[in-house]
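Load the model in your viewer and keep the selection box handy. We will go from stop to stop, picking a few atoms each time and looking at what is there.

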Amino acid sequence: MRIEIYHASKYGNGAEVAEELRRLLESRGHQARAQHFKDASPGSLPSADLYVFGSPGRIGKPIGGMRRFLKKAKLPAGTRYALFSTEAMPRPDKNGRMPTEEEIAQWQRIQPLMDEILVSKELRKVADAKIYVKDLKGPLEDGWQRKVEQFADAW
Ligand SMILES: Cc1cc2nc3c(=O)[nH]c(=O)nc-3n(C[C@H](O)[C@H](O)[C@H](O)COP(=O)(O)O)c2cc1C
């Protein structure tokens with residue numbers, strides 16, 4: 001398969017994920033390229049069997065540049081895509097209670113907002129992965145490479 005990976009990393013964590021994914025896919029015999037979205041033209045994306053989009057979280061949303069990139073992306077209906085996001089690791093509140101999945105989902109709308117844009121273009125999702133960063137600017141959570149592997153196994 002030919003796979004194009006576009007990420008929106010600001011501090012380098014998402015770039016690391018994208019590069020690990022590219023390396024893994026190449027080792028499995030695919031043709032894969034990973035780029036920062038700023039180095040690509042959304043109106044004339046090269047043809048591929050699958051597009052992977054990655055974004056960091058910003059105030060519960062994908063970073064603005066990636067949202068605009070996805071809105072401008074010209075891809076035919078039915079095109080397959082996968083998403084990854086790098087997000088702040090959930091933390092316990094002052095009483096030591098961890099937020100539930102439902103509570104987190106009310107605030108963290110990173111992937112749902114990316115999906116909303118892509119589904120409106122009739123693109124077809126094949127997989128997603130959420131990779132945590134331990135602090136606001138990183139580093140990536142322990143064992144993140146395993147999550148990337150599982151992500152690549154899903155399509
Ligand atoms: C101003 C600011 C706001 C942030 N808001 C969120 C947020 O709402 N949700 C979240 O999961 N992460 C948030 N983060 C942390 C990002 O997830 C983290 O910076 C990012 O995943 C790192 O990836 P990068 O190195 O590829 O940029 C925020 C970070 C900054 C600097």
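Which of the 18 residues around the ligand come nearest? Select Ser9, Asn13, Gly60, Gln108 and Leu136: these five are the ones. Before you zoom in, keep in mind that this is a predicted model.

**Stop 1: the ligand and its backbone partners**

Show the ligand as sticks and turn on the backbone atoms of the residues beside it. Start at Leu136, where a backbone N or O atom lies 2.4 Å from an oxygen atom of the ligand. Next pick Tyr11: one of its polar backbone atoms is 2.8 Å from a ligand oxygen. Then move to Gly57, where a polar backbone atom and a nitrogen atom of the ligand are 3.3 Å apart. Now put a surface on the scene. The ligand taken alone exposes 620 Å², and 87% of that is buried by the protein.

Where does the ligand sit? It occupies the largest pocket. To see which elements contribute, colour α1 (13-27), β3 (50-58) and β5 (80-88), since each of these gives two or more residues to the shell around the ligand. If you colour the shell by residue class instead, you will find seven nonpolar, eight polar and three charged residues.

**Stop 2: Gln108, beside the ligand**

Return to one of the nearest residues, Gln108. Follow the chain and you will find Gln108 in the loop between α3 (101-107) and α4. Is Gln108 buried or exposed? Its relative accessibility is 16%, so it counts as buried; the cut-off for that class is under 20%. Display the side chain of Glu87 as well, and draw the polar contact of 3.2 Å that joins it to the side chain of Gln108.

From here, step along to Ile110, which is in helix α4 (residues 110-120). Ile110 is buried, at a relative accessible area of 0%. For a sense of scale, add Lys71 and draw a C-alpha to C-alpha line: Ile110 and Lys71 are 39 residues apart along the chain, and the line is 15 Å.

**Stop 3: Glu4 and two arginines**

Select Glu4, in strand β1 (residues 2-7). Which side chains make polar contacts with the side chain of Glu4? One belongs to Arg2, at 3.0 Å. Another belongs to Arg33, also listed at 3.0 Å. Glu4 has a relative accessible area of 1%, so this residue is classed as buried.

**Stop 4: Val52 in β3**

Go back to strand β3 and pick Val52. Val52 is buried, and its relative accessible area is 0%. Now add Arg80 and join the two C-alpha atoms: 28 residues separate Val52 and Arg80 along the chain, while the C-alpha distance is 8.8 Å.

**Stop 5: Lys38, out on a loop**

Select Lys38, in the loop between β2 (31-36) and β3. Turn the surface on again: Lys38 is exposed, with a relative accessible area of 65%. Show His7 too. Lys38 and His7 are 31 residues apart in sequence, and their C-alpha atoms are 8.8 Å apart in space.

**Stop 6: backbone geometry**

The last picks are about torsions, so switch to a backbone view or open a Ramachandran plot. Begin with Ile59, in the loop between β3 and β4 (61-62). What is phi of Ile59 near? The value is near 50°, which is positive in a residue other than glycine. With 70% relative accessibility, Ile59 counts as exposed.

Glu122 is another pick of this kind: not a glycine, yet with a positive phi of about 65°. Look for Glu122 in the loop between α4 and β6. Glu122 is exposed, with a relative accessible area of 57%.

Finish at Pro139, in the loop between β6 (124-133) and α5 (144-153). Select Gly138 together with Pro139 and read off omega for the peptide bond between them: it is near 5°, and the bond is cis.

Methods: Residues numbered from 1 in each chain as written. Predicted model: local features only at pLDDT ≥ 70, side-chain atom pairs only at ≥ 80, totals over all residues. Heavy atoms only, no water. Near = heavy atom within 4 Å. Polar contact = N/O pair within 3.5 Å; in protein donor to acceptor, adjacent residues only side chain to side chain. Areas by Shrake-Rupley, 256 points an atom, 1.4 Å probe, with all protein chains shown as cover. 1 Å grid on protein atoms, 1.4 Å probe; cavity = no way out; pocket = protein on both sides within 12 Å on 5 of 7 lines; lining within 4 Å. Sits in = over half its atoms within 2 Å of the grid points. Helix = DSSP H or I, 4+ residues; strand = E, 2+ residues; numbered from the N terminus. Nonpolar A, V, L, I, M, F, W, Y, C, P; charged D, E, K, R; others polar. Buried < 20%, exposed > 50% of the residue type's maximum accessible area, 1.4 Å probe, protein only.
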